[in-house]
Amino acid sequence: MKILVCISKTPDTTAKIAFTDNNTKFDNNGVQWIINPYDEWYALVRAIELKEKDPSVVLHLITVGGADAEPIIRKALALGGDEAIRVNADSHDSFYIASQIAAVAKDGAYDLIFTGKETIDYNGSSIGGMVAELLDLPFVSLAAKLDLAGTTATLTREIEGGEEINEVNLPLVVSAQKGMAEQRIPNMRGIMAARTKPLKVVEPAAADNLTAVTGFGLPPAKAGVKLVPADNVEELVRLLHEEAKVF
Amino acid sequence: MSVLIFADIAEGQVKKSSLEALSYGSKVAAQLGTTAEAVVLGDNAGDLASLGKYGVKKVHHVSSSTLDNFDAQVYTKVIAEVALSAGADVIVLSNNLNGKAIAPRLSARLKAGLVSGAVALPDTASGFVVRKNVFSGKAYANISVSTPVKIISLNSNAYPVTEGEGTAEVVPANVTVDAPKVKVTGSTKASGEVSLTEAEIVVSAGRGLKGPENWGMVEDLAHVLHAATACSRPVADADWRPHHEHVGQTGFAIAPNLYVAIGISGAIQHLAGVNRSKVIVVINKDPEAPFFKAADYGIVGDAFEIVPKMTEAIKKIKG
């Protein structure tokens with residue numbers, strides 16, 4: 001059994017969001033980088049659990065990014081995984097990134113490919129579906145549970161107002177969300193071991209960018225809160241009804 | 001040339017998020033001087049001619065009981081075939097749960113640039129540029145799509161359902177439907193509750209409520225507002241409330257018309273999941289709670305006194 005987990009580097013959840021170069025580039029100044037939480041807490045940790053259950057599982061991690069992504073992929077290796085692959089390319093186009101992952105995955109003949117449900121920077125929710133289509137594999141999105149019995153995966157997927165149970169034979173692409181696993185903190189042994197785990201750098205395959213960012217902006221600031229005294233709840237309800245007209 | 005909108009159905013009805021997509025797609029078609037058409041998959045589809053109300057002229061209906069079992073791979077192939085035969089150059093989907101599975105597959109299959117989670121109509125003055133939220137709603141990006149076919153998945157609650165007059169022509173679409181590889185073997189629906197991601201009003205509470213036994217008043221308020229209930233991350237982590245109620249950066253991102261936050265301080269990670277709400281009301285005893293900065297209305301005070309009073313006042317108005 002071979003598992004591939006897609007890892008993305010994202011700004012920390014508390015990072016200040018600002019732009020430079022006439023609002024065309026994200027301002028990296030002073031930004032702390034982390035493993036995209038959905039990739040780390042849910043996709044990677046579930047893959048590690050599967051390997052813990054069955055030590056014959058081979059677990060690889062992949063990221064598409066420049067050399068500055070290496071501390072992030074090492075941090076992921078500190079949690080678990082046998083080796084990592086970095087595709088040496090920089091792009092924010094989902095199709096381009098998915099094409100790189102698909103090219104590596106095709107050669108690696110993985111049985112299970114995990115992504116997080118989305119990255120917290122571009123919020124595209126796209127990589128998993130695109131990789132699946134490029135490899136002609138089934139895809140279960142926004143899965144909150146995954147169990148394996150032989151080569152059959154049983155998953156729980158979110159639907160409007162409930163959940164659905166899916167059964168799929170491997171190989172399979174899954175995007176993971178809350179519920180799939182619990183966040184782990186890397187221990188010292190993991191951090192030491194990660195230093196010597198192989199990190200392969202491969203050059204990108206030829207692929208197109210289908211989209212481009214022409215500019216960023218910040219949402220208009222709120223006009224300011226209208227405070228209602230605590231002894232006049234009726235006034236708040238009146239404002240919501242007559243002024244905001246929300247019910 | 002046309003705009004093709006995928007209308008997602010559940011239990012014989014087009015989902016509200018797809019009605020928004022139909023309204024949006026029809027507007028895009030008008031903007032481009034072309035016609036809007038819809039594609040509907042599955043047997044139990046209801047009255048499709050009535051989708052004309054939302055501006056579509058034609059509905060391609062792929063009727064097959066196989067499609068009652070959702071498999072994104074099968075759906076993608078069917079929609080792609082209909083898009084090709086209809087000569088669609090723009091495909092619109094809702095960025096809802098099924099949309100998130102189909103849109104990226106469709107993009108890769110058709111080599112068509114995808115803007116996922118669009119929040120505004122495309123700017124077609126020069127090129128094709130669509131705005132979407134990025135950094136979990138803390139910013140937006142304008143995305144230019146240069147491919148011949150363009151795909152937009154529309155965030156829920158980002159465009160209003162617009163109803164007019166009209167009847168659509170329903171045409172059966174003759175496409176091969178593959179056997180699904182993903183088999184749906186069961187489903188559970190939280191009955192009687194309002195779905196969190198589709199709700200127009202959400203009532204949410206946090207650690208300020210002190211314990212799970214105090215949620216009755218939150219549920220009462222939600223009930224009179226016909227709202228969904230939600231909670232902050234610490235509350236879900238403490239198992240006071242189920243995880244599927246957790247809104248925030250790592251839980252669900254929602255965009256209701258009204259978000260009522262009770263006893264939630266408003267950490268940046270929580271705001272990232274709710275900052276697309278149209279109106280935010282914050283009830284907190286701490287006047288320094290950061291949430292007040294993001295709120296439209298607020299009350300500084302004791303939630304245990306304020307919330308039941310709110311419920312009563314709303315009951316009076318609603319009669």
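## A charged trio to start with

Let's begin in chain A, where a network of salt bridges ties together Arg46(A), Glu49(A) and Asp147(A). Keep in mind that this is a predicted model. Side chains of opposite charge can pair when their charged atoms come close. Over all chains, a search of the whole structure turns up 25 salt bridges.

## The two chains at a glance

Chain A has 247 residues, and 56% of them are buried. You'll find 6 helices and 15 strands in chain A, and its C-alpha atoms fill a box of roughly 65 × 45 × 40 Å along the principal axes. Taking the contacts in chain A with a separation of 6 or more, 69% are between residues 24 or more positions apart. The accessible surface of chain A is about 10,600 Å², with 51% of it belonging to carbon and sulfur atoms.

Now for chain B, which has 8 helices and 17 strands. Its C-alpha trace spans about 60 × 45 × 40 Å along the principal axes. Does its radius of gyration fit or clash with what a compact globule would have, and what is the value? Chain B comes in at 21 Å, which agrees with a compact globule, because 319 residues packed that way would have a radius of gyration near 20 Å. In chain B, 60% of the 319 residues count as buried. Residues 24 or more positions apart supply 64% of the chain B contacts that have a separation of 6 or more. About 12,000 Å² of chain B is exposed, and carbon and sulfur atoms make up 50% of that.

## Salt bridges worth a look

Back in chain A, Lys200(A) and Glu83(A) join their side chains in a salt bridge, at 3.3 Å from N to O. This pair links distant parts of the chain: Lys200(A) is in strand β13 (residues 199-202) and Glu83(A) is in strand β7, 117 residues apart. Lys200(A) counts as partly exposed because its relative accessibility is 45%, whereas Glu83(A) is buried, with a relative accessible area of 15%.

Another salt bridge, 2.9 Å from N to O, joins the side chains of Lys15(B) and Glu160(A). Here the pair crosses between chains: Lys15(B) is in the loop between β3 (13-14) and α1 (16-32) of chain B, and Glu160(A) is in the loop between β10 (152-159) and β11 (162-169) of chain A. Both Lys15(B) and Glu160(A) are buried.

Over in chain B, Glu245(B) forms a salt bridge with Arg241(B), and their closest N and O atoms are 3.0 Å apart. Glu245(B) counts as buried, at 4% relative accessibility. Arg241(B) counts as buried too, at 13%.

## A buried charge with no partner

Which side chain of opposite charge is nearest to Asp93(A)? That would be Lys132(B), but it is 11 Å away, and the buried Asp93(A) has no salt bridge. You can find Asp93(A) in the loop between β7 (83-87) and α3 (94-108) of chain A.

What the side chain of Asp93(A) does make is a polar contact with the side chain of Thr211(A), at 2.5 Å. Leaving out residues up to four places away in sequence, Asp93(A) touches Asp208(A), Asn209(A), Leu210(A) and Thr211(A).

## A mostly covered helix

Finally, have a look at helix α4 of chain A, residues 127-135. How many of its 9 residues are buried? The count is 8, so the helix is mostly covered. Among the buried ones are Ile127(A), Met130(A), Glu133(A) and Leu135(A). Right after α4(A) comes Asp136(A), which has a positive phi, near 55°.

Conventions. Residues are numbered from 1 along each chain as its sequence is written. Chains are lettered from A and ligands numbered from 1 in the order in which they are written. This is a predicted model: local features need pLDDT of at least 70, side-chain atom pairs count only at pLDDT 80 or more; totals for chains, interfaces and linings use all residues. Side-chain values use heavy atoms; hydrogens and water are left out. Helices (H or I, at least four residues) and strands (E, at least two) are DSSP runs, numbered from the N terminus. Buried means under 20% relative accessible area, exposed over 50%, partly exposed in between (1.4 Å probe, protein chains only). Lys and Arg count as positive and Asp and Glu as negative; His and the chain ends are not counted. A salt bridge is a side-chain nitrogen of Lys or Arg within 4 Å of a carboxyl oxygen of Asp or Glu. A polar contact is a pair of N or O atoms within 3.5 Å; within protein, one must be able to donate a hydrogen and the other to accept it, and residues adjacent in sequence count only if both atoms are side-chain atoms. Contact means heavy atoms within 4.5 Å. The radius of gyration is taken over C-alpha atoms; the globule rule is 2.2 Å times the number of residues to the power 0.38. Accessible areas come from the Shrake-Rupley method with a 1.4 Å probe; for residues, only the protein chains shown count as cover.
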